[in-house]
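User: Hi! Could you walk me through this model, starting with the terms we need?

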Amino acid sequence: MEVNGHKLVYLDNGATSQKPAAVIEALKNYYEAYNANVHRGIHFLSAKATDEYELARRKVATFINAKESGEIVFTRNATEAINLVANSWGLSNLEAGDEIILTVAEHHSAIVPWQLVAQKTGAQLKFVSLTKDEVPDTGALLDMLSRKTKLVVVHHVSNVLASTLPIHDIVHSAHAVGAKVLVDACQSVPHMAVDVQSLGADFLVASSHKMCGPTGVGFLYGKEELLYSMPPFLGGGEMISDVYLDHSTYANPPSRFEAGTPAIG
Ligand SMILES: Cc1ncc(COP(=O)(O)O)c(C=O)c1O
């Protein structure tokens with residue numbers, strides 16, 4: 001393609017990546033050959049779509065070295081994954097006096113959900129600023145940790161500064177004061193090996209559209225025992241076990257957090 005007489009070169013992969021032919025072909029094949037509702041039918045096409053969907057979950061789990069594929073929850077994007085943690089874990093675990101530590105370099109999608117949770121719970125947001133080299137001050141972050149800290153929200157690689165944070169060290173220190181860590185890995189998962197077990201993070205999020213995959217899909221990684229302890233975020237089909245008129249019981253994770261027909265791309 002030419003723009004203003006020049007061959008178009010696309011470099012905005014941090015925002016969203018173009019899709020390789022293999023990805024477009026896989027989507028086309030799904031819509032042409034086995035389009036059906038995942039987890040909702042017992043007919044051939046639905047079983048095939050469900051198998052492929054669960055295979056994709058296992059591939060994501062392997063890609064980031066999660067212990068179990070059930071630790072991967074598919075969402076619409078990373079933003080929804082963070083909102084899921086904020087509304088589910090955040091609203092049921094935070095109260096007045098608790099602190100959430102973030103850096104000023106977080107993406108808006110990693111800041112605003114926690115502002116909303118803070119307004120509802122009375123928890124306080126504490127921001128780590130930048131050093132004179134314009135990178136988040138990890139030393140200041142570690143100094144800020146205290147028994148009041150319930151959550152640390154940090155990027156792995158920044159979309160604005162390209163800084164790479166020492167997640168393993170941050171997790172180690174956060175866990176020592178009893179805090180959980182949510183890692184925004186939107187910019188790291190597409191570019192470097194990310195191993196959730198060695199990082200030790202409690203939650204990690206990323207978006208498919210930034211890593212050559214379809215738009216409309218993201219994922220939340222959460223440690224199995226944490227996901228099991230969390231209430232649903234969105235209500236609807238697939239996330240339930242039994243539905244009565246006055247209440248419902250919920251499916252186990254990851255289904256508990258995947259209400260409605262999932263995005264395929
Ligand atoms: C570091 C980081 N976090 C979160 C997001 C939000 O991703 P999405 O809009 O796919 O939810 C982005 C997108 O630019 C990002 O770069």
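Analyst: Happy to! Helices here are DSSP runs of H or I with at least four residues, numbered from the N terminus. Please keep in mind that this is a predicted model.

User: Thanks! Which helix is Arg 57 found in?

Analyst: The helix to look at spans residues 44-63. Arg 57 is found within that run, which is helix α2.

User: Is Arg 57 buried or exposed?

Analyst: A residue counts as buried under 20% relative accessible area. Arg 57 has a relative accessible area of 2%, so Arg 57 is buried.

User: Which residues is Arg 57 in contact with, leaving aside its neighbours within four places in sequence?

Analyst: Contact here means heavy atoms within 4.5 Å. With those sequence neighbours set aside, the contacts of Arg 57 are Ser 69, Ile 72, Val 73, Phe 74, Pro 254 and Glu 258.

User: On to the ligand: how far is an oxygen atom of the ligand from an N or O atom in the side chain of Lys 210?

Analyst: Lys 210 is one of the residues around the ligand, as are His 107 and His 209. For the side chain of His 107, the distance from an N or O atom to a ligand oxygen is 3.3 Å, and for that of His 209 it is 2.7 Å. For the side chain of Lys 210, the value is 2.6 Å.

User: And how much of the ligand's accessible area does the protein cover?

Analyst: On its own, the ligand has 390 Å² of accessible area. The shell around it divides into two nonpolar, eight polar and two charged residues. The share of the ligand's area that the protein covers is 87%.

Notes. Residues are numbered from 1 along each chain as its sequence is written. This is a predicted model: local features need pLDDT of at least 70, side-chain atom pairs count only at pLDDT 80 or more; totals for chains, interfaces and linings use all residues. Side-chain values use heavy atoms; hydrogens and water are left out. A residue is near a molecule or strand if one of its heavy atoms lies within 4 Å of it. A polar contact is a pair of N or O atoms within 3.5 Å; within protein, one must be able to donate a hydrogen and the other to accept it, and residues adjacent in sequence count only if both atoms are side-chain atoms. Accessible areas come from the Shrake-Rupley method with a 1.4 Å probe; for residues, only the protein chains shown count as cover. Ala, Val, Leu, Ile, Met, Phe, Trp, Tyr, Cys and Pro count as nonpolar, Asp, Glu, Lys and Arg as charged, and the others, Gly among them, as polar. Helices (H or I, at least four residues) and strands (E, at least two) are DSSP runs, numbered from the N terminus. Buried means under 20% relative accessible area, exposed over 50%, partly exposed in between (1.4 Å probe, protein chains only).
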